[in-house]
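I sat down with this model today and looked up a few things, one after another. Here are my notes, in the order I made them.

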Amino acid sequence: MTQQEELYYNNFFDLFSSEGWKQLLEELTVREQAIDVSHINNVESLFQVKGELGIIRMLLNFERFIESAYEEVTQNESN
C-alpha cells in the first residue's frame, strides 16, 4: 500500500472514531426511521424520498464500505 493510500484510509478511520461521526449516524438513523412513504401523494415526492433514503443509506453503510476496501487491499498485499 502506498503512503497516499495509507493516509487515505487512516483519515477515514480517524473520522469514523470521532464523536461527530457517531452523532451523524444517529441523526441519519432517526431520519431514515422517520420517513413515512404512506403520505406520499405524487411521483415527484416519491422520487425525492427515494433519493433521500438512498443518500442516507449510503452514508450509514460508508464505514463498512471503506473497511471492506481496506481489508481487500491488505489481503491482496499479503498474497
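**Entry 1: salt bridges**

I began with Glu52, which counts as partly exposed at 24% relative accessibility. This is a predicted model, and I read every entry below with that in mind. What does Glu52 form a salt bridge with? I found Arg31, with the closest N and O atoms 2.5 Å apart. The pair links distant parts of the chain, as Glu52 sits in helix α3 and Arg31 in helix α2, 21 residues apart. I noted Arg31 as partly exposed too, because its relative accessible area is 39% and the partly exposed range runs between 20% and 50%.

Next I looked up Arg57, which makes a salt bridge with Glu32, the closest N and O atoms being 2.8 Å apart. Arg57 lies in helix α3 and Glu32 in helix α2, so this pair ties together parts that are 25 residues apart in sequence. For Arg57 I wrote down a relative accessible area of 42%, partly exposed. Glu32 also counts as partly exposed, at 21% relative accessibility.

Then I turned to Lys22 and Glu19, whose side chains meet in a salt bridge at 3.6 Å, N to O. Here I stayed within one helix: both residues lie in α2, three residues apart, about one turn of the helix. Is Glu19 buried or exposed? I have it as exposed, with a relative accessible area of 58%, while Lys22 is partly exposed at 38%. With that my count came to three salt bridges. A reminder to myself: side chains of opposite charge can pair when their charged atoms come close.

**Entry 2: aromatic rings**

How many aromatic pairs does a search of the whole structure find? I got ten. In one of them, the rings of Tyr8 and Tyr9 have their centres 5.1 Å apart and their planes at 85°, so I logged the pair as edge-to-face. I checked the accessibility of both: Tyr8 is partly exposed, with a relative accessible area of 42%, whereas Tyr9 is buried at 9%.

Phe16 and Phe62 gave me another edge-to-face pair, 6.1 Å centre to centre with 75° between the planes. This pair links distant parts of the chain, with Phe16 in helix α1 (residues 3–16) and Phe62 in helix α3 (residues 43–78), 46 residues apart. I marked both Phe16 and Phe62 as buried.

I also traced one aromatic cluster, and its members include Tyr8, Tyr9, Phe16, Trp21, Phe62 and Tyr70.

**Entry 3: the nonpolar core**

Which residues touch the most other members of the largest nonpolar core? Of its 13 residues, I found Phe16, Phe62 and Ile66 in that role. Helices α1, α2 (19–34) and α3 each supply at least two residues of this core. I noted that α3 gives the most, with six residues.

I followed Ile66 a little further. Leaving aside its neighbours within four places in sequence, Ile66 is in contact with Tyr8, Tyr9, Phe12, Phe13 and Phe16. As background, I jotted down that in soluble globular proteins, nonpolar side chains tend to be buried together.

**Entry 4: one last distance**

I finished with Asn10, which has its place in helix α1. I recorded Asn10 as partly exposed, with a relative accessible area of 34%. From Asn10 to Ile35 I read 33 Å in space, C-alpha to C-alpha, for 25 residues in sequence.

Technical notes. Residues numbered from 1 in each chain as written. Predicted model: local features only at pLDDT ≥ 70, side-chain atom pairs only at ≥ 80, totals over all residues. Heavy atoms only, no water. Phe/Tyr/Trp six-rings, centres within 6.5 Å; stacked < 30°, edge-to-face > 60°. Buried < 20%, exposed > 50% of the residue type's maximum accessible area, 1.4 Å probe, protein only. Helix = DSSP H or I, 4+ residues; strand = E, 2+ residues; numbered from the N terminus. Core = buried A, V, L, I, M, F, W, Y, C linked by side-chain atoms within 4.5 Å. Contact = heavy atoms within 4.5 Å. Salt bridge = Lys/Arg side-chain N within 4 Å of Asp/Glu carboxyl O.
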